[in-house]
Amino acid sequence: MTAVQAAQAVQAAQTAARQSHGFLSPTGVEIAFLLVGLVTLGAAVVTVTTRQLVHAALWLVVALGGLAVEYLLLTAEFIAWVQVLIYVGSVVVLLLFGLMLTKAPVGRSPDTDSANRPVALAVALAAAGALVWVVVDAFRTTWIDLDGAVQGSTEVTGSILFRHWVLPFEALSVLLLAALVGAIVLSRKKKEGER
């Protein structure tokens, strides 16, 4: 068998594999992606519906960890580790420190309940609709260069981050710093009667 015949055999096997795999015959990675996505969605819903702040923060860890697993399944390892280090490792810890420093109630609190649930639901649905519309509109004409660097690699991610997203990234870091400083200021306020 010559090299040309071997290459043709490999190409024929790849074509047959592509044709046998269809929408109704998902691979193991696609099934895992769907299951992890459902768990992540469930954790996100519990995060915003629970009445206990500490439980909400812990469910947020599950939701953000699920996103990191989704990135791993999409072979974007660098983004997955950034997700774990920055969001799970920093943002949630900052949130928990803020809860602890402000002496927020651990259990249910009637002070945190509001009668504005219908308005909040309407705003949430409008924001979700706007987000879906923006994403669909943005990716309608976007094409991925299959001959270029792998999407999700450190080269592509660094290039996009430092070309287009530097200002929002830095604004987010300043916002998180302001939240931590605000939590410290609130925790240091003296109650009436204290010296």
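## Surface and overall make-up

Start with the outside: the protein chain has an accessible surface of about 15,100 Å², and carbon and sulfur atoms account for 71% of that. Keep in mind that this is a predicted model. On the inside, buried residues make up 13% of the 195 residues in the chain.

As for the fold, the count is seven helices and zero strands, so the pattern along the sequence is simply α-α-α-α-α-α-α. Contacts reach across the sequence too: take those between residues at least 6 apart, and 65% of them join residues at least 24 apart.

## Helix α4, end to end

Helix α4 covers residues 77–101, which is 25 residues. From first C-alpha to last it reaches 34 Å, close to the 36 Å expected at 1.5 Å a residue.

Which residues of α4 are buried? The list runs A80, Q83, V88, V92, L94, L96, G98 and L99. Their cover includes α3 (53–73) and α7 (166–188). Some of the spacing in that list fits a general point about helices: with 3.6 residues a turn, residues three or four places apart point the same way.

Q83 is the polar name on that buried list, and its place is in α4. Its relative accessible area is 6%, under the 20% cut-off, so Q83 counts as buried. Leaving aside neighbours within four places in sequence, Q83 is in contact with L64, L67, A68, Y71 and V88.

## The nonpolar core

The largest nonpolar core has six residues in all: A57, L64, V88, V92, L96 and L99. Two elements, α3 and α4, each give two or more residues to this core. The largest share, four residues, comes from α4. In soluble globular proteins, nonpolar side chains tend to be buried together.

Q83 ties in here as well, with L64 and V88 among its contacts; both of those residues belong to the core.

## A nonpolar patch on the outside

Helix α4 also shows up on the surface. There, L72, W81, L85, I86, Y87, F169, L172 and L175 form a nonpolar patch, with about 770 Å² of accessible area together. The elements that give two or more residues to the patch are α4 and α7. Which of them gives the largest share of the patch? That would be α4, with four residues.

I86, one of the patch residues, has its place in helix α4. Is I86 buried or partly exposed? With a relative accessible area of 32%, I86 is partly exposed, because that value lies between the 20% and 50% cut-offs.

F169, also in the patch, has a link to helix α6 (residues 154–164), where L161 is found. L161 touches V166 and F169, not counting residues up to four places away in sequence. At 24% relative accessibility, L161 counts as partly exposed.

## Around the α3–α4 loop

T75 is found in the loop between α3 and α4. What stands out about its backbone is phi, which is near 60 degrees, a positive value in a residue other than glycine. For comparison, most residues other than glycine have a negative phi. T75 is partly exposed, with a relative accessible area of 48%.

Just before that loop residue in the numbering come some of the partners of F33, which is found in helix α2 (residues 28–49). Setting aside residues up to four places away in sequence, F33 touches E70, L73 and L74. F33 and E70 are 37 residues apart in sequence, yet 6.2 Å apart in space, C-alpha to C-alpha. F33 itself counts as partly exposed, at 33% relative accessibility.

## One salt bridge

How many salt bridges does a search of the whole structure find? One. D137 forms a salt bridge with R140, and their closest N and O atoms are 3.2 Å apart.

The two partners fall into separate accessibility classes. D137 is partly exposed, with a relative accessible area of 36%, whereas R140, at 55%, counts as exposed because it is over the 50% cut-off.

Terms used
Residues numbered from 1 in each chain as written. Predicted model: local features only at pLDDT ≥ 70, side-chain atom pairs only at ≥ 80, totals over all residues. Heavy atoms only, no water. Expected span 1.5 Å × (residues − 1). Buried < 20%, exposed > 50% of the residue type's maximum accessible area, 1.4 Å probe, protein only. Contact = heavy atoms within 4.5 Å. Patch = residues over 30% accessible without salt bridge, like charges linked within 9 Å, V, L, I, M, F, W, Y side chains within 5 Å. Areas by Shrake-Rupley, 256 points an atom, 1.4 Å probe, with all protein chains shown as cover. Salt bridge = Lys/Arg side-chain N within 4 Å of Asp/Glu carboxyl O. Core = buried A, V, L, I, M, F, W, Y, C linked by side-chain atoms within 4.5 Å.
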